[in-house]
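Here's a quick briefing to read with the model open in your viewer. Start with the buried glycine, then work outwards to the cores, the voids and the odd backbone spots.

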Amino acid sequence: MAESKGQLRVIEESPAYWRAVFDNPPLNIMGVAMFRELGELLVRMDASPNLRVVVFESANAEFYLAHFDLTDIAGSLGLMQSASTSGSTVLMDTFVRLTKSPVVSIAKIRGRARGVCSEFVLACDMRFASREKAVLAQVEVGSGVHPGGGGTERLPALVGRGRALEIIIGSDDFDGATAERYGYVNRALPDAELDGFVDKVARRIASFDRRPIEAAKNLVNQVSLPSAERLAASQASFLIAVTWPETQRRFQALFDRGLNKPGDTENRYGEVLGTLVEK
């Protein structure tokens with residue numbers, strides 16, 4: 001079993017089945033370094049002809065992935081402004097490449113996944129969550145902006161318009177059971193069963209031939225993915241929203257409460273947003 005190191009550790013269970021483990025303590029915040037490693041992994045995935053499936057999981061049982069690195073706001077926004085080799089921005093290119101990769105991507109969600117990190121799991125092909133320990137949320141509206149990494153485009157197709165608006169505009173946390181009922185994730189399983197279930201699914205897929213997997217995924221993509229134009233428009237709108245004065249006020253209030261640091265605000269982000277700014 002081969003294993004790499006970094007914020008995104010890759011464990012090669014077999015030539016056909018890899019596990020990618022997010023490991024950026026203490027909160028698994030998603031910043032420039034993690035996106036760089038994710039991009040490098042995508043290159044490796046597409047260049048590995050024997051690979052069939054990659055499971056994305058977390059070394060932190062409390063935080064699958066927290067959110068953007070808001071202490072490095074210039075770097076995080078740079079991911080949404082800098083062009084990649086495809087001409088799209090680095091962030092959107094990364095998520096689109098993941099979705100269109102011939103390799104199947106599975107998000108095994110234990111802990112919190114909010115904001116852009118929710119958008120990462122939405123870009124994965126399948127999502128399986130811990131019933132007791134998974135928390136998913138699009139917290140952007142409550143934080144003063146709106147999703148800009150595909151949340152507004154991918155969620156309605158999964159959960160329907162009304163529930164997408166509840167998730168996005170409500171900006172609250174959703175536990176694993178509710179996320180399953182809404183269609184936010186494929187299934188929510190008892191935490192003790194999650195690892196075994198996902199491993200069984202991954203090994204089953206790994207036993208199949210790559211060409212029919214790739215063909216089937218491509219056909220599903222043709223009828224289910226948002227257009228590049230819609231994704232680009234959402235991202236451009238997000239970058240404008242970040243400059244709004246009310247947004248800056250809410251960001252500051254979040255930092256004053258302890259955002260980006262271990263503690264109550266990160267643990268109860270959705271609940272905190274409801275009382276963030278006194279009217």
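G151 is buried in this predicted model, and its relative accessible area comes out at 0%. You'll find G151 in helix 6, which spans residues 151-159. Setting aside neighbours within four places in sequence, G151 touches E119, L122, Q138, P156 and I168. L51 sits 100 residues away along the chain, and its C-alpha atom is 28 Å from that of G151.

**Helix 6 and its surroundings**

- G151 has company: E153, R154, L155 and V159 are also buried in helix 6.
- What covers the buried residues of helix 6? The cover includes helix 3 (90-100), helix 4, helix 7 (161-170), helix 8 (176-182) and helix 11 (228-241).
- Right after helix 6 comes G160, with a positive phi near 95°.

**Nonpolar cores**

- The largest nonpolar core has 66 residues, and the members touching the most others are M30, M45, F56, Y64, L91, I109 and F120.
- Apart from that one lies another core of 15 residues, with F128, V198, I205 and A206 among them.
- As background, nonpolar side chains tend to be buried together in soluble globular proteins.
- To see the packing around one core member, pick M30: beyond its neighbours within four places in sequence, M30 is in contact with F35, L38, L65, H67, F68, D69, V116, C117 and F120.

**The cavity**

- How many cavities of 30 Å³ or more are there? The count comes to 1, and the largest cavity holds about 210 Å³ of space.
- Its lining is made up of 19 residues, and F68, L70, E140, V145 and F238 lie nearest the centre.
- Helix 2 (73-79), helix 4 (116-123) and helix 5 (140-143) each put at least two residues into the lining of the largest cavity.
- Sorted by class, the lining of the largest cavity has 12 nonpolar, 5 polar and 2 charged residues.

**The largest pocket**

- The largest pocket has a volume of about 440 Å³.
- It is lined by 20 residues, with C124, D125, V220, N221 and S224 nearest the centre.
- Helix 4, strand 7 (126-137), helix 6 and helix 10 (210-224) are the elements giving two or more residues to this lining.
- Which element supplies the largest share of the lining of the largest pocket? That's helix 10, with 6 residues.
- The lining of the largest pocket splits into 12 nonpolar, 3 polar and 5 charged residues.

**The second largest pocket**

- The second largest pocket holds about 240 Å³.
- Its lining has 15 residues, of which M92, V96, K100, A228 and L231 lie nearest the centre.
- Helix 3 and helix 11 are the elements that give two or more residues to the lining of the second largest pocket, and helix 3 has the largest share with 5 residues.
- By class, the lining of the second largest pocket has 7 nonpolar, 5 polar and 3 charged residues.

**A hairpin**

- Strand 2 (residues 8-14) and strand 3 (residues 17-22) run antiparallel and are joined by 6 bridges.
- The hairpin gets from strand 2 to strand 3 through 2 residues.
- In that pairing, S14 has Y17 in strand 3 as its bridge partner.

**Backbone oddities**

- Most residues other than glycine have a negative phi, and most peptide bonds are trans.
- Where is the cis peptide bond? It joins P25 and P26, with omega about 5°, and P26 lies in the loop between strand 3 and helix 1 (32-46).
- S171 isn't a glycine, yet its phi is positive at about 55°.
- S171 lies in the loop between helix 7 and strand 8 (174-175). Is S171 buried or exposed? S171 counts as buried because its relative accessible area is 2%, under the 20% cut-off.
- N260 is another non-glycine residue with a positive phi, near 75°.
- Look for N260 in the loop between helix 12 (245-257) and helix 13 (264-267). N260 has 12% relative accessibility, so it counts as buried too.

Technical notes. Residues are numbered from 1 along each chain as its sequence is written. This is a predicted model: local features need pLDDT of at least 70, side-chain atom pairs count only at pLDDT 80 or more; totals for chains, interfaces and linings use all residues. Side-chain values use heavy atoms; hydrogens and water are left out. Two strands pair if DSSP finds at least two bridges between them. Helices (H or I, at least four residues) and strands (E, at least two) are DSSP runs, numbered from the N terminus. A nonpolar core is a set of buried Ala, Val, Leu, Ile, Met, Phe, Trp, Tyr and Cys residues joined through side-chain atoms within 4.5 Å. Buried means under 20% relative accessible area, exposed over 50%, partly exposed in between (1.4 Å probe, protein chains only). Contact means heavy atoms within 4.5 Å. On a 1 Å grid over the protein atoms alone, a cavity is a set of points where a 1.4 Å probe fits but cannot get out, and a pocket is an open set with protein on both sides within 12 Å along at least five of seven lines; lining residues have an atom within 4 Å of a point. Grid points are joined across faces, edges and corners, and a volume is the space filled by probe spheres set on the points. Ala, Val, Leu, Ile, Met, Phe, Trp, Tyr, Cys and Pro count as nonpolar, Asp, Glu, Lys and Arg as charged, and the others, Gly among them, as polar.
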